[in-house]
Amino acid sequence: MKKEDKIIAIQNIAETIGQYGCFYLVETAGLNAEKTSALRRACNKDDIKLMVVKNTLLHKALESLEGDYSELYDALHGSTSLMLSNTGNAPAKLIKEILKADKEAKLPALKAAYVEGTVYMGADQLDTLCQIKSKNELIADVIALLQSPAKNVVSGLQSGANKLHGILETLSKKED
């Protein structure tokens, strides 16, 4: 690969990483063609971009970005695939789902992940990454918490109004 081509590839990788909120470094080299195609289809369905990259180019791309990615450099060995997503837990859930479907499968294997400014190293972090809530899930939780007291007040007012109406109706019937 010519030096000019490497510079362009590094810029493309850096631009792609910059478009997403999180990325996972994954080992996929031992997958056969059928499983690789299935992984790509699953990634497309879940809005996850899958890229196979050279470690040295990825290393240089990470160095060119703002932020500290130095903790990830230890995971850049062997073959590396990038799984990019704007939902922090989507790639982890996908990996876990694939591994759960095939009990004997060891790939795709999580090497490391960068989610919302936090680095997760090793396959043992997969469960932790699955439990991370996305931005939309957190917003929904906050809205539900904010709506709960208002719903209780409205419910209390409605039940009180119904009780009062029932009492008044009973009293009006007694007078007759």
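Me: Which residues form a nonpolar patch on the surface, and how much accessible area do they have together?

Reply: This is a predicted model, and what follows should be read with that in mind. As a general idea, nonpolar side chains in soluble globular proteins tend to be buried together. Here L164, I167, L168 and L171 form a nonpolar patch on the surface, and together they have about 390 Å² of accessible area. One of them, I167, lies in helix α6, which spans residues 135–175.

Me: Which residues touch the most other members in the largest nonpolar core?

Reply: The general tendency is again that nonpolar side chains are buried together in soluble globular proteins. The largest nonpolar core in this model has 23 residues, and those that touch the most other members are I13, I17, F23, L25, L58, L72 and L82. Two or more residues of this core come from each of the elements α1 (3–18), β1 (22–27), β2, α3, β3 (80–85) and β4 (109–115). The element that gives the most is α1, with five residues.

Me: Is I10 buried or exposed, and how far is its C-alpha atom from that of L72?

Reply: I10 has its place in helix α1, and because its relative accessibility is 14%, under the 20% cut-off, it counts as buried. Its C-alpha atom and that of L72 are separated by 17 Å, the two residues being 62 apart along the chain. Another buried residue is T80, with a relative accessible area of 1%, which lies in strand β3. The C-alpha atoms of T80 and Q158, 78 residues apart along the chain, are separated by 60 Å.

Me: Which residues form a positive surface patch, and where does K54 lie?

Reply: For a patch of like charge, the useful reading is to list its members and then to place one of them in the fold. In this model the positive surface patch is formed by K3, K6, K54 and K60. K54 lies in the loop between β2 (49–53) and α3 (55–64), and it counts as exposed because its relative accessibility is 55%, where exposed means over 50%.

Me: How many salt bridges does the structure hold, and which parts of the chain does the pair of E27 and K111 link?

Reply: The structure holds five salt bridges, and it helps to ask of each how far apart its partners are along the chain. E27 forms a salt bridge with K111, with 3.8 Å between the closest N and O atoms. This pair links distant parts of the chain, since E27 is in strand β1 and K111 in strand β4, 84 residues apart. K111 is buried, with a relative accessible area of 10%.

Me: Where do K35 and D102 lie, and what is their N to O distance?

Reply: The side chains of K35 and D102 meet in a salt bridge at 3.0 Å, N to O. This pair too links distant parts of the chain, with K35 in helix α2 and D102 in the loop between α4 and β4, 67 residues apart. K35 is partly exposed, at a relative accessible area of 40%, and D102 likewise counts as partly exposed, at 28% relative accessibility.

Me: How many residues apart are K173 and E169 in helix α6?

Reply: K173 and E169 both lie in helix α6 and are four residues apart, about one turn of the helix. Their side chains meet in a salt bridge of 3.4 Å, N to O. K173 is exposed, with a relative accessible area of 58%, whereas E169 counts as partly exposed at 35% relative accessibility.

Me: What is phi of D47 and of E116, and where is the cis peptide bond that involves P108?

Reply: The general idea is that most residues other than glycine have a negative phi, and that most peptide bonds are trans. Here phi of D47 is near 55°, a positive value in a residue other than glycine. D47 has its place in the loop between α2 (33–45) and β2, and it is exposed, with a relative accessible area of 63%. Phi of E116 is near 50°, also positive; E116 is in the loop between β4 and β5 (118–121) and counts as exposed at 61% relative accessibility. The peptide bond from L107 to P108 is cis, with omega near 0°, and P108 has its place in the loop between α4 (90–101) and β4.

Note on methods:
Residues are numbered from 1 along each chain as its sequence is written. This is a predicted model: local features need pLDDT of at least 70, side-chain atom pairs count only at pLDDT 80 or more; totals for chains, interfaces and linings use all residues. Side-chain values use heavy atoms; hydrogens and water are left out. Patches are made of residues with over 30% relative accessible area and no salt bridge: like charges are joined within 9 Å, nonpolar side chains (Val, Leu, Ile, Met, Phe, Trp, Tyr) within 5 Å. Accessible areas come from the Shrake-Rupley method with a 1.4 Å probe; for residues, only the protein chains shown count as cover. A salt bridge is a side-chain nitrogen of Lys or Arg within 4 Å of a carboxyl oxygen of Asp or Glu. Lys and Arg count as positive and Asp and Glu as negative; His and the chain ends are not counted. The place of a charge is taken as NZ of Lys, CZ of Arg, CG of Asp or CD of Glu. Buried means under 20% relative accessible area, exposed over 50%, partly exposed in between (1.4 Å probe, protein chains only). A nonpolar core is a set of buried Ala, Val, Leu, Ile, Met, Phe, Trp, Tyr and Cys residues joined through side-chain atoms within 4.5 Å.
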